[in-house]
Amino acid sequence: MKIIITGILGQDGANMAEYILKNTQHDIFGVMRRSSNPNFINCANFLTNPRFKLVYGDLTDSVSIDSLVRDIQPDYFINFGAQSFVGCSWEMPLQTFDTNATGVVRCLEAIRKHKKTCRFYSAGSSEEFGDVAYSPQDILHPIKPRSPYGASKASARHNVKVYRESYGLYAVHGILFNHEGTKRGEEFVTRKITKGVARIIHSIRNKKSFAPIELGNLDAKRDWSDSEDFVDGVWKMLNQEKPKDYVLSSNETHTIREFINKAFAVVNIDGIWHGNGINEELSLPNYLVEEHDIYSSVLVKINPKFYRPAEVDLLLGDSNPARQELGWQPKISFDNLVERMVKYDVDNFKI
Ligand code: NAP
Ligand code: F7E
């Protein structure tokens, strides 16, 4: 079997490739877009695997997507490529829509024309639920996006349904809640925090001053899981008898503040919160400042530039149907996730 995976240099694309290489005998064609300075760090474990091949393609370029499907004749097409950063989607609404929504139609069209039996995965998002109507959110929750990113994913979802019903394609649009890990991009809040904790603990251990981690809205609540658990759920969604969309989530929600507390606790720092709104700060307790003989004490402060024009305040998923009907079971808890990310960033810290 031949599998095309877009977004191969990103978090989920790389985890999906590792999962398939480990659990099947299929060949993978990993799609990267042309870049003057590509970063292969997430693919280090499989770049030289004989069952893996890197190919060029861009979701905004119909010719490249069409040629890939025509020439490779894939059995599966897993589309993880996207402008995936919500915060940036207000600054680049058209590029976001072209990549995330029109890009999905380009994939579906190429499959319809050249390989109708190819199974297609579309990377849907809990951001489609936006200003949520009820909790927990299930697959029937209304689509109410709050960002150009959420709107682009909602559009992709409609087109997957249209192509499935019009042409009988095996196409699924999984609704995935936030998922993280050691391959997570550094601008997303979890990785920004764990990299920040690693930088600060190295400074403290070396008796050097440090700058605080600057963040935006700490009250937002997210349903966080590990990406390695989710690629298993995606593969199960692609291998049902008939295509059906599912939610993948941890079924728990936590504030950004809780994530921060857990992350500092991994390095034995029990910070003290004080102030409100844009004046809120997390500080080192005095005994640690004295013990380590350092001048800096502010661990986290607010920078309003990280606030969004519109926020998704609460996400909490209901993935029970996926657990019951697909037999999917996540293995990594919220505490394990935070610990893994912090320990990885502390161990791999470079100045
Ligand atoms: P990611 O780490 O940002 O990876 C996205 C990848 O897409 C990057 O490698 C990027 O390439 C590539 N890409 C961007 N524009 C492209 C284009 N025009 N043509 C081809 N490739 C392009 O994202 P992720 O966390 O792995 O997420 C995977 C997918 O799941 C995305 O569709 C995302 O929107 C969706 N999703 C993610 C989450 C989550 O919490 N992680 C939740 C729900 C849905 P470069 O490396 O060149 O930038
Ligand atoms: O923000 C708040 C921010 O950028 C999470 C993507 O994978 O999941 C992800 O989207 C929350 C938001 O992820 C900072 O306002 C506070 O409330 O890590 P994030 P996201 O927007 O939830 C969904 C499901 C996807 O589909 C997306 O592809 O954290 N927050 N301070 C901050 N966020 C960031 N990035 N940076 C901050 O400084």
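This passage describes the surroundings of ligand 2 and the second largest pocket in a predicted model.

The shell around ligand 2 comprises 24 residues, of which Ser 84, Ser 125, Tyr 149, Arg 308 and Glu 311 come nearest. By class, this shell contains 10 nonpolar, six polar and eight charged residues. Among the secondary structure elements, helix H5 (189-205) and strand S8 (213-215) each contribute at least two residues to the shell.

Oxygen atoms of the ligand approach several charged side chains. A distance of 2.6 Å separates an oxygen atom of ligand 2 from an N or O atom in the side chain of Glu 311, a residue that also belongs to the group coming nearest to the ligand. For the side chain of Lys 192, the corresponding distance between a ligand oxygen and an N or O atom is 2.7 Å, and for that of Arg 222 it is 2.8 Å. Taken alone, ligand 2 exposes 700 Å², and 95% of that area is buried by the protein.

The second largest pocket encloses about 260 Å³ of space. Two elements, helix H1 (11-23) and helix H6 (227-238), give two or more residues to its lining. The largest share, five residues, comes from H1. The lining includes Asn 15, Glu 18, Tyr 19, Lys 22 and Asn 23, together with Glu 228, Asp 229, Val 231 and Asp 232. Lys 331 and Ile 332 also line the pocket. In terms of residue class, three nonpolar, two polar and six charged residues make up this lining.

Methods: Residues are numbered from 1 along each chain as its sequence is written. Chains are lettered from A and ligands numbered from 1 in the order in which they are written. This is a predicted model: local features need pLDDT of at least 70, side-chain atom pairs count only at pLDDT 80 or more; totals for chains, interfaces and linings use all residues. Side-chain values use heavy atoms; hydrogens and water are left out. A residue is near a molecule or strand if one of its heavy atoms lies within 4 Å of it. A polar contact is a pair of N or O atoms within 3.5 Å; within protein, one must be able to donate a hydrogen and the other to accept it, and residues adjacent in sequence count only if both atoms are side-chain atoms. Accessible areas come from the Shrake-Rupley method with a 1.4 Å probe; for residues, only the protein chains shown count as cover. Helices (H or I, at least four residues) and strands (E, at least two) are DSSP runs, numbered from the N terminus. Ala, Val, Leu, Ile, Met, Phe, Trp, Tyr, Cys and Pro count as nonpolar, Asp, Glu, Lys and Arg as charged, and the others, Gly among them, as polar. On a 1 Å grid over the protein atoms alone, a cavity is a set of points where a 1.4 Å probe fits but cannot get out, and a pocket is an open set with protein on both sides within 12 Å along at least five of seven lines; lining residues have an atom within 4 Å of a point. Grid points are joined across faces, edges and corners, and a volume is the space filled by probe spheres set on the points.
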